[in-house]
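User: Please take a close look at one part of this protein, its largest nonpolar core. Tell me which residues touch the most other members, and which elements supply them.

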Amino acid sequence: PKVAYVHPDGSRDVLDVSEGTSVMQAAVARGIDGITGECGGSAMCATCHVYVDAEPSHAQHLPPVGADEDEMLDCTACPRAPDSRLSCQLVVTAALDGLVVRLPGHQR
Ligand code: FES
């Protein structure tokens with residue numbers, strides 16, 4: 001599945017992400033600027049904050065926000081928005097092909 005990472009300047013990186021890989025892991029593995037993923041994906045750091053531009057077809061396939069995630073989303077460096085998620089909690093599946101995430105200006 002493809003995931004597009006949109007930088008604050010509007011440029012985008014589109015990655016082919018293996019199913020079962022998180023949006024954070026794929027970005028860190030490919031050196032995408034803007035996602036840090038300091039805690040390695042355990043919803044403990046909030047340096048993988050993204051805004052999800054979810055089309056209705058994707059929204060229904062996104063995992064619900066977990067309690068830990070919800071708490072950490074209150075600690076993001078850039079303001080939390082209704083579409084804020086921790087990208088380490090977004091595991092890519094075929095149904096999410098074409099997902100677009102916007103990167104916040106900074107993660108700390
Ligand atoms: Fe730390 Fe997502 S990588 S919360």
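Analyst: The core comes first below, followed by the sheet and the overall fold. This is a predicted model, in which local features need pLDDT of at least 70, side-chain atom pairs count only at pLDDT 80 or more, and totals for chains, interfaces and linings use all residues. Residues are numbered from 1 along each chain as its sequence is written.

A nonpolar core is a set of buried Ala, Val, Leu, Ile, Met, Phe, Trp, Tyr and Cys residues joined through C-beta atoms within 7 Å. A residue is buried if 20 or more other C-beta atoms lie within 10 Å of its own, exposed if 12 or fewer, and partly exposed in between, with C-beta atoms placed from the backbone. The largest core here has 22 residues, and V3, V23, M24, A27 and V101 touch the most other members. Two or more residues come from each of β1 (2-6), α1 (23-29), β3 (49-53) and β5 (99-102). The largest share, four residues, is given by α1. Helices (H or I, at least four residues) and strands (E, at least two) are DSSP runs, numbered from the N terminus. In soluble globular proteins, nonpolar side chains tend to be buried together.

A27 shows what such packing looks like for one residue. Leaving out residues up to four places away in sequence, A27 touches Y5, I32, I35 and S87; two residues are in contact if their C-beta atoms, placed from the backbone, lie within 7 Å.

Next comes the sheet. Five strands form an open sheet in the order β2-β1-β5-β3-β4, with mixed pairing; two strands pair if DSSP finds at least two bridges between them. The edge strands β2 (12-16) and β4 (84-86) each pair on one side only. β3 and β4 run antiparallel and are joined by three bridges, and Y51 stands opposite S84 in β4.

The loop between α1 and β3 contains A43 and A46. A43 has a positive phi of about 60° although it is not a glycine, and A46 likewise has a positive phi, of about 65°. A43 counts as partly exposed because it has 19 C-beta neighbours inside 10 Å, while A46 counts as buried because it has 24.

As a whole, the protein has three helices and five strands, which run β-β-α-β-α-α-β-β from the N terminus. Of its 108 residues, 30% count as buried.
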